Structure formats: C-alpha cells, structure tokens
Amino acid sequence: MSKLDPFLDALKKTNADELCIRVGERIYVMRSGRRQDIGREPVQSTAVHVFASELLEPDEIRAVRDAPRTLRIVHGDDPLEVTFAHLKDTLAVSIRRAATQAAPDPRSEPESEPPQAHPHAPPPPPPPPPAVQRDVAVAGARATGAGRAIDELLREMISRQASDLHLSALSVPVFRVHGEIDFLRDRPPLSGEAISELVRPIFSEKAKKDFEEKNDADFAYEVPGLARFRVNVFRDRNGVGAVLRQIPIEIIPADKLGLPQAVLDLCSLSKGLVVVTGPTGSGKSTTLAGMVDFINKNRTDHIITIEDPVEFVHRNIKCLVNQREIGQHTQSFKNALRAALREDPDIVLVGEMRDLETVAIAIETAETGHLVFGTLHTSTAVSTVDRIIDQFPTDQQAQIRVMLSESLKGVVAQVLCKKIGGGRVAALEILLGNTAVASLIREGKTFQIPSIMQTSRGAGMVTMNEALMTLVTKKLIDPKEAYMKAVDKAGILQALKNAGVPSPK
C-alpha cells in the first residue's frame, strides 16, 4: 500500500480542493478557501521525503530545489495533480484535483483556422510543460521494491518517526520510537543469515574488512531523498545483528532546537575548546550539527569536521566546510587533527575525543588560536573536566590543568527526556569557562564548580537539575522522568519538593 493512499483518500472523503503536506505544520485540506487540519502532529521533513520518494527518483527530488515539479496521477478513477516545491528551504507537497477537459462534441462545427499572426508581432509564449503522468500504485511498488531490501524497513522506520532500527538474530525487527523499544510483531523473526543478507549490500569496503577481522563495523549509509543512517553491524551469541540510527537529511537549525543564547554565544568564539557531552543517544550529534549550521550561516570561516562516520552533511553557505571520515579519508582522529593544523582551519570539529593523544592535540589546537568542538561520553559538566584531566599520566596532570583552564570555553552536557504527549526534549547543563571556573580547574578543585554554576545563572550557566526542573514546570516532562534522568537524585527530589511537586518515588 502506498504511503500516499490515506491522504489521497482523505482528499476524496472531505471533498476538498487541495491537500497540503508541509514541514512543521499538521497536514491540512483546503475547501472553498478554508483550511481544515486533518493531521494530529506537525509533519517532520523526513516524512515529506518518504512521500516524495514514492513518486520521484532521488535526482528528481534534488532538482525540486531549483524548480517545482508537478505530476499527474490517477487514484481510483480520480485524476490528481501532485506538486513538489521548496518552501522556506524545506520540501512541501500539494495535491489538487486535476482539471478535466470535456470531450469535443462530434456534431459541433469545426473550429475556424486561427488568424495569421502579424509578421512583426512577437512570438507567442511557449506552453507550460505538461504534468508527468504516473500511476500511484506503480510508484509505490518502485519505492519499496527497487534498490536494497533493507530500504523498505528504513522507510517504515522513518514513517513511524523512529530513531533506531534494531536487527537482532532470532528476533523480529525492533524500532526505537520516542526512546522506547517497539517490536514489529507483524513480522517474522530474522535469522542471523537473513540479517547478514540484508546488510551485506550496504557495506563499504572498509566496513566489510573490519567486520571480517573484528566482528563489528561502523559506517554510514544513505537512502537518497530519505535520510542518512549510522550503521553498526556486530556478532553476538545468536549470530549477526545490526543497529541503524537515523540521521536526518536536513539539519535542524539552532532556533528550532531551542538552543539557549549561552550556547549560541559559544559559536561566536574565535578560539578555545567547547565540549558537548552526554550518554549514547542523547542527541550530541544533533546539537553539534545545529551549532555548526549556525556558524555556517553567520560567519565566513573554514570549518573542518573529523567524524566516524560523517553524519550530518553540511553545504557551503557562508563558510567553507570540509568533512573527513575516519577510515575513508584519514586513518585516525589524531592523524586528521594534526593534519588540520596545516589546512588553514578556523573551526575544527572532532567527532569523538576518545584517546589521550586526540585530547592533547585538541587542547593544543584550541590554544593555538582555533575554535575546537569535541564530544565525550560523560554525564555532567564537572565529570567532563575530570575525564579530560584523568586521561593523562599523573606527572602531566598539573600542566594539563593549566592548559585546560585557559582553553576550555564551555561544556554542554545533555540528556534526552520523554515529553508528555510523545516525542523527546533535551535538558542542557551549561558550564562556561569564566575566571572563577578556570581558577578551580587550575587548582584541582573541580568539586566546587557546581557552586559556581548555581551562582552564575545570570551569565547563562545551568545545572542539570535546574534544566530538568524548567522542563517540569513548563509541563514538558513528567516529574518521574526528571527523577530518572537526574544524576543528583537527592537534589532533584528536594527541588521538586520545594516547587510543591509530589514526590515521583
């Protein structure tokens, strides 16, 4: 069944003139000039690309950026015109009833010959290009049957607004929707061999070699016009398994992410180290992509990203952006970071500061007049500072404290929380590298940093408990969710009590 069928049916049932699918709005119909919403939730950009991919080839979807595209389709007995266009830099779909032309009456008089044009008259304008005829059922079959077999699961994943697809041997496919596991009970369990057959066609050469040697591999895969996916393939006791995480094609701008002004101010720095931290799946990549996109639109600099794999793809807007992938374009983070110093960068993004040498070069790069963004898998801002320092041998830690105190400009620690009513929202802990914080880092008194954060709210600093309480008071998350996500459990319980909120325990 085509993904468009329910909406084509809705157009017919409501006897409407037009049905519109636009990013950020609920699906609606227009009837006699009046709008009627028929969707429950605002449409995401990936959902619009799912609809488009049923009727357009990937290169046709890309061409819509330059000019709208109209197709004539038949749904049941109804001729329809589907127009794809870009509105506010996002793909939009409009479905209208096609104008029908009455057949000429054979008994009518033949039309007289058109008058001859004056020899000096300008030539008439060319007729508009006819709409392309296409059948919805055929287009739907092409979208699900062509290409690779795993694409069908990925399209369903996007349509259900899932963030991850889990393929585990002897289990049915599993989606993660709004942070929760959802088993596809209507599908049969997959064997390890079946999963291997699904993922083998999408392996890169390096990933194939890694999997043969190490029994796990990381790489990126893209379904043109739909989304990019970060892929991990592994072996466990039951056989081959895989996890595919969605990376939206369109980067979410900083304003739509709701990034605080203190975070946006970090994007205006000329040098220093900014670290975005959080557990796996907390949205670090999305936040960093939003920050890089903000820089790309507001500065005129050279940005180099070093990632494993490349996730969000940045176009050159005001900045020149070079994106390098570990294993494809360079051997390691540390090699690429050393090379970056000779590539005239203004801003360097290090996808993961995973070893001592990478951290050391990142700090050195920040000290030499570059703005460096990096990520770590830590849960709080204070633990981030400690993690960076503790990676070094004891005899080097005093020197690293001095270097870090001068170069660290900010730490953004985040966690994703389940929203009331569905979806997820990020709670952001923000540490800014002011004079007081630098002094505590230099003196080895990082345990006192939370006190500085609490007294520096006016400067934009926020503790995790304060961020969680803000979401609770705005009724975006449940108190129990705040308690579950808090690191300082006693502190969040006291904050909830002070706010008159019943204990979630």
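**Close-ups of helix packing and one loop residue**

**View 1. Helices α14 and α15 pack at an angle of about 170°.** In this predicted model, α14 covers residues 394-407 and α15 covers residues 435-443, and their axes sit 8 Å apart. That angle is over 145 degrees, so α14 counts as roughly antiparallel to α15. On the α14 side, look for R401, V402, L404 and S405; they meet A438, I441 and R442 of α15. Sort the residues of this contact by class and you get four nonpolar, one polar and two charged.

**View 2. Helices α17 and α19 cross with their axes 10 Å apart.** Here α17 is residues 464-473 and α19 is residues 489-498, and the two pack at an angle of about 40°. With that angle, α17 is oblique to α19. As for the hand of the crossing, it's right-handed. The α17 residues to pick out are N465, L468, M469 and V472, which meet G491, I492, A495 and L496 in α19. By class, that contact comes to six nonpolar and two polar residues, with no charged ones.

**View 3. Helix α7 has buried residues on one face and exposed glutamates on the other side.** The helix takes in residues 205-214, and its buried residues are A207, D210 and F211. Looking down the axis of α7, you'd find these within an arc of 100°, so they line one face of the helix. What do the buried residues of α7 pack against? Three strands: β11 (216-223), β12 (227-236) and β13 (239-248). Flip to the other side of α7 and you meet E205, E212 and E213, which are exposed. Just after the helix comes N215, and its phi is positive, near 65°.

**View 4. Helix α6 keeps its buried residues on the same side.** In this helix (residues 192-199), the buried set is G192, I195, S196, L198 and V199. Around the axis they cover an arc of only 160°, which puts them on the same side of α6. Among the elements covering these buried residues are α5 (150-159), β8 (162-167), β12 and β13. Those last two strands turn up in the α7 view as well, as packing partners of the buried residues of α7. Over on the other side of α6, the exposed residues are E193 and E197.

**View 5. D66 sits in a loop between a helix and a strand.** The helix is α3 (58-63) and the strand is β4 (69-75). Is D66 buried or exposed? Its relative accessibility is 73%, so D66 counts as exposed; the cut-off for that label is over 50%. To find another residue to orient by, try A85: D66 and A85 are 19 residues apart in sequence, and their C-alpha atoms are 8.8 Å apart in space.

**View 6. The protein as a backdrop for the close-ups has 19 helices and 20 strands.** Of the 505 residues in the protein, 47% are buried. As for contacts, take those between residues at least 6 apart in sequence: 54% of them join residues at least 24 apart.

Conventions:
Residues numbered from 1 in each chain as written. Predicted model: local features only at pLDDT ≥ 70, side-chain atom pairs only at ≥ 80, totals over all residues. Heavy atoms only, no water. Buried < 20%, exposed > 50% of the residue type's maximum accessible area, 1.4 Å probe, protein only. Helix = DSSP H or I, 4+ residues; strand = E, 2+ residues; numbered from the N terminus. Arc of directions from axis to C-beta. Contact = heavy atoms within 4.5 Å. Axes fitted to C-alpha atoms, helices over the stretch in contact; angles between N-to-C directions. Parallel < 35°, antiparallel > 145°, perpendicular 65-115°, else oblique. Left-handed = near helix turned anticlockwise from the far one by under 90°. Nonpolar A, V, L, I, M, F, W, Y, C, P; charged D, E, K, R; others polar.
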